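Colleague: I would like to learn how to read the features of a model such as this one. Could you take me through it step by step?

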Amino acid sequence: MPGKLKAKIVAGRHLPVMDRASDLTDAFVEVKFGNTTFKTDVYPKSLNPQWNSEWFKFEVDDEDLQDEPLQITVLDHDTYSANDAIGKVYIDIDPLLCSEAATVISGWLPIYDTIHGIRGEINVLVKVDLFNDLNRFRQSSCGVKFFCTTSIPRCYRAIMVHGFVEELVVNEDPEYQWIDRIRTPRASNEARQRLIFLMSGELQRKIGLKVLEMGGNAVVGYLQCFDLEGESGLVVRAIGTACTLEKISSTLPATATHPSNSSPSKDMKDSPQAAPSTLGCRSTHSSPVHSASSRLSQGFSVSVPTLLFAGMGSGGSAGKEGGPLKALLRQQTQSALEQREYPFFTLAAFPPGFLLHVGGVVSARSVKLLDRIHNPALGNTRSYKLLDWNSFTADEPETRDAWWEEIRQEIKSHAKALGCHAVVGYSESTSICEEVCILSASGTAAILSSRFMQDGPLDTEHRFEEVVSPGCGFCHIPYDELNIPFPAQLTYCYCCRRYKVPDVLFTTIDLPTEANVTGKGCLIQARLCRTKKKAQGEGNATVISNLLPFLEYELHTQLMNKLKLRGMNALFGLRIQISVGETMLLGLASATGVYLTALPSPGGIQIAGKTPSDITYEQHISNMQKKINDTIAKNKELYEINPPEVVEEIIGSPIPEPRQRSRLFRSQSESSDEVSELDLSHGKKDAFVLEIDDTDAVEDIHALLTDSPTPAGFYSCNTEIMPGIQNWTSAIQMFTSVRVFRLNANLTNQGLNKIFSDLCENLLKSLYFKLRSMVPCCLCHLNFTVAIPEDELIQVAVTAVAMSFDKEQLLENGKQSGEKTLIKAITENDEQLQFNLELNAETSAPNPLSSPKGLSEVGSHLSARASSVDYSSFADRCSSWIEQLKLKAHTIRRGSVKTTSSMEKASPLPEGRSRSLRSNRSYSGSSVAVVKMTPLSFIPGAKIIKYLGIINMFFIRETTSLREEGGVSGFLHTFIAEVFAMVRAHVAALGGNAVVSYSMKECVFMENPNKNQAQCLINVSGDAVMFVRESELESTSVQTQSATTHTSNGAEGT
Amino acid sequence: MSVELDVFVGNTTIMDKEVYQLWLNGYTVNDAVKVRIEGGVMEECEASAEVLLSDTMDQYRTFQMCERLLHHPAKLANQLLFQIPPDRQAMLIERYYAFDDSFVREVLGKKLSKGTKKDLDDVSTKTGITLKSCRRQFDNFKRVFKVVEELKGPLVENIRQHFLLPDQLARDYAAIVFFANNRFETGKKKLHYLTFQDFAFCAGQLINNWTLGAVDNIMEDMDVDLDKEFLQELKDLKILITDKDLLDQHKSLVCTALRGKTNVFNEMEANFKNLSRGLVNIAAKLINAKDVRDFFIDLVEKFIEPFSLCLLYMGVIKSCILRMYHD
């Protein structure tokens, strides 16, 4: 009995009137944990009851502590009839299980009802006494810290990065159980909410166990998702990066050179993670879904052919001077990583020196048919029962696990093809429509330093010091120049002039803080809509998988064009979302474009007409050309892209370039037309040629030009930080905006594209207008999600944070960074750039999971068309697409270095401070503590001094009086506001004053206006933290919480 | 093709003061958009009419959601649904409870009943204030009235505490409540020239001097009702006009007090008896509720009018004589 959970119900306020006669309520509270329930006394006739209950004590296993939420139900006592429920509060007690997180949960929490929303608040106190348990075979993983943040949390230091952890649990969806037909919507919603709470808890515990096995103590970049598969069940899955973190204490200097030998390398060998037999430990969560159709689903495990990007020059494979130097360092790392099943990292930003080279984006998709539950009566007896599906797994070999395994294998092989041993910025997602499910995974192939690997050689640090590169190292290609996996035009690095870099770089990670960047970045989006025929089952899956490669290819083309149009050469934070509906597919790619100083300047875009005979047509073309040139020039000015002039003579043209011009292909355009014979390059070596050979192309170019620029004073990006802006003020405003658009039937692809594109553009315009009072400001971490809730509806949801900055200093900084860029042209150690000699052998090995024949045909056909490079040796890999990129590695985050040092100041604060802070708040009367929310991992102008635990909440809201609640907009507006309120309240109860790395991972909205009904599910997550303003830290070490509250209050005003 | 759903929710609730005022003024969304376009916000921010419409709808929805909180301003501070900085909260409350002088003149002293509310469309037509805004203002009066009606202690203070209003606004509400409670007639044509602030000043005087709260500081009763005992005693003032000696004494005292302090002193002195009678008659009748209601009209009819008639007469005569008097 390793734990005692104690809860005390203090009071309620703002309760709803439950008795019409007296206009009052006779409220009491039920406190439930596991199967134990306690009740308070009835507090008669009050809307503000004071229960002041005793401490209710639950003696429980720590396993249960991790899985179960504390469930508090507020009821209205009724003498003659059944008691009416007012609402519920679920409290995740996980933060209390970790000594470094929160110690008590105390505060006003909203009482939530799935039909009525928030109905008053309840004041509770929750504590946990944990007994030490040294049982080696324990099932719990108390004490493992979880972070949503995709970088090393601000007040910790990474000692070791162990690697990828994943887990999934499956259950039936209560909404689809037979009992749902006879129970109320409220009961059904609550069953669902509770189930997902349980499943999340279980998932977290299991992931924690894996982390402990690996010798870690934390999960960073924890990403948990739900798949609502309808009748076939409900999947909760999570991925993350296991790490060993150490809290930065005041006494230790905040350097990153911590001895890495604290953990014996022997552990590594024993770790089951290293052994290939991981299947054993993952068998616990096989799918409950019971299906005879394993054949069927196997038939449709269609991996989507991946595109090789043809946009970047067809020549450049000639450089021979990269000799076969041996990189000891790299091999060591590689061998370390190769022992791992998946060398994946969900991190998007890295400790200094971790990321060495970046190869490019790797992604894989696969279309699956969801199995049906053949025995619906099952739900009857098994409702809520978890963990016990093993009995059904025997005859169900095809599980969700296997699906993901397939995809991950594919990703792994793509990374290898790029000469990389690891994948960073890794994420997984699904899109489900009826019985078809698209699984997607993407990440950035990279080469990492062994520095944070468990078995890294002890002398790595020295080695590392030698190879530090000044902000361009990550851009240097990791792959073999002689055997480039895709056509790329290589040049010598424009910073160090020693190593090869590609002409364009795409990545899914954040821009490394120390990257040399010219000018500012901006959000770049590619949007695409494709109609498809309605179909069922296998036919549908085939149609979708046939469409996917085209969709991806066009998205990529759009991205590339828009990137060129802005005069930039690299994309960060690339996220491509494909959403599937009954009659269409939606693709949305978002990324932040920047100009990396190390990469060559992008050429312009050239338009080539197909039939040069007609004079008016020529005229038209030249007009468009002029427009494009003007736009590029304007953009360069807008984003302050004026790279330092490069003196070509220093090295000379580094690479023999048989064809000095790149061509841009559209998937439909007949690239066989040999327009390429025309020399349109204007003497500029890498101009893009855009062929106008059909009306589509003309439309596309128009679309290209209609992307409206951000209004003056605004910048936007979808990454954590915006290059060129550092001096943030403390004014931040997080927001969520949702739009649903109804389409007319019978739209063409072009029409759909236009509508979809306008929808996104208009949404952005609205955001700029709303936030105009914050100018100058940057919308950071703009995260778009698209969905097709039903036929003819498109839903776009955006969550982002607007941050104001100081304009004056901006200019100054711009100058400084420009200077810095120049200074940084330092050479790198020869050792760093290595070519993996084994690459060939490995990559040409047949991929056992390669896609079915038909599809690989599509893939190879496509790539053959797309490029003149010989692809035959890569045909096997066609089922993944690869983008290339280059990133500098070692010195990753200027910000984090800075944080570290100021953390020294933060730490010496007296221990008792947080406590006094809390008491001040609880007793300070009426006013509500301000809680900041941000999707970023930091708060400008403030130091995070404590992480209080992960926030992971799932809510359902339903209404049968849609009109009365203000229609769909009114309903959703209220619901989102309620979700924010509940997140803030729980953070405040943990003793925090902010949520960082906040994200809304799910927003499923369904309506039936005819029946006056609507339902919405929202899943949010983030890290609860306590921060103090930097100014306070500096001013005095004797702070009072009231001061903190005061400043943050003031800062919140916008 | 249409936008079916469009919401924006900020962690800190974003509220535009200008749009808030338009909402308070009862503009429809479309009218508000027109006003905003005319105001030039579009050029300023490179926005389109579409964007403006979306923003206006969103703000209106936010205000509607906040409205029930504004009915109990104290709740606004400790509710959790909207994170609103304190200065914004104060602004929201103050503007929500602000009213138009022209509107309040129409309902001042009327019973705050459903009947009066039904007549608001007439008031709306007459004043040019939208019906929606009229209703909000009327409901505010009624809400404040209901809350403080039964409360003990000083009226202004009660209002300030319960509705978190700034001092001046709280005093105005005190006047409105006081007038409504005592049903003073203010709508007669003869009273039209008086502004709300005139009445508010008078109300302040009455509250401070003629109510129970004013008499003893025990705060046992409220400021809303006139002190009945006091009104009863006013009857005794009749002696000031019936008794010749007292009348003279009264006159000499008043004249001593006012000499040199008013430029109509002579006229006042000359008509003292009539004036005094008018005042005493009003005072003596105040014990009847009906006469309390007519307090202001009586003051005008029985005192100010005769006196100003006299002044007018005197004034004209004086100027005529001065003109005719050729030296």
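**Reading the sheet and the interface**

Modeller: Let us begin with one bridge: Phe146(A) has Val219(A) as its bridge partner in E11(A). Keep in mind that this is a predicted model.

Colleague: Which strands does that bridge belong to, and in what sense do E9(A) and E11(A) pair, parallel or antiparallel?

Modeller: E9(A) pairs with E11(A), residues 218-228, in the parallel sense, over 2 bridges. Stepping back to the sheet, it is an open one of 4 strands in chain A, ordered E9-E11-E12-E10, with mixed pairing.

Colleague: Why is one side of E9(A) and of E10(A) left without a neighbour in the sheet?

Modeller: Both strands, E9(A) at 145-146 and E10(A) at 156-171, stand at the edges with a single partner strand each, so one side of each has no neighbour in the sheet.

Colleague: Now the two chains. How many residues are in contact between chain B and chain A?

Modeller: On the chain B side there are 38 residues, and they are in contact with 55 residues of chain A. The buried area between the chains is about 4200 Å², with carbon and sulfur atoms giving 58%.

Colleague: And the charged and polar pairs: how many salt bridges does the rule find across the interface?

Modeller: The rule finds 5 salt bridges between chain B and chain A. One of them can be looked up directly: Asp55(B) with Lys770(A), whose closest N and O atoms are 2.7 Å apart. For polar contacts, the count across the interface is 25 residue pairs, with both residues at pLDDT 80 or more.

Colleague: Which elements of chain B supply its side of the interface?

Modeller: At least two residues each come from strand E1 (2-10) and from helices H3 (41-45), H4 (49-70) and H5 (73-78) of chain B. The largest share is that of H4(B), with 10 residues. Sorted by class, this side of chain B has 18 nonpolar, 10 polar and 10 charged residues.

Colleague: Do strands come into this as well? Which strand of chain A is joined to E1(B)?

Modeller: That is E27 of chain A, residues 728-742, which runs antiparallel to E1(B) and is joined to it by 8 bridges. Within this pairing, look for Val738(A) opposite Val7(B).

Colleague: One last residue, please: why is Lys807(A) classed as partly exposed?

Modeller: Its class follows from the cut-offs: partly exposed lies between 20% and 50%, and Lys807(A) has a relative accessible area of 41%. Lys807(A) sits in helix H15 of chain A, residues 807-823. Leaving aside residues up to four places away in sequence, Lys807(A) touches Asn727(A) and Pro776(A).

How values were computed:
Residues numbered from 1 in each chain as written. Chains lettered and ligands numbered in written order. Predicted model: local features only at pLDDT ≥ 70, side-chain atom pairs only at ≥ 80, totals over all residues. Heavy atoms only, no water. Contact = heavy atoms within 4.5 Å. Buried area = accessible area lost by both parts, 1.4 Å probe. Salt bridge = Lys/Arg side-chain N within 4 Å of Asp/Glu carboxyl O. Polar contact = N/O pair within 3.5 Å; in protein donor to acceptor, adjacent residues only side chain to side chain. Nonpolar A, V, L, I, M, F, W, Y, C, P; charged D, E, K, R; others polar. Pairing = 2+ DSSP bridges. Buried < 20%, exposed > 50% of the residue type's maximum accessible area, 1.4 Å probe, protein only.
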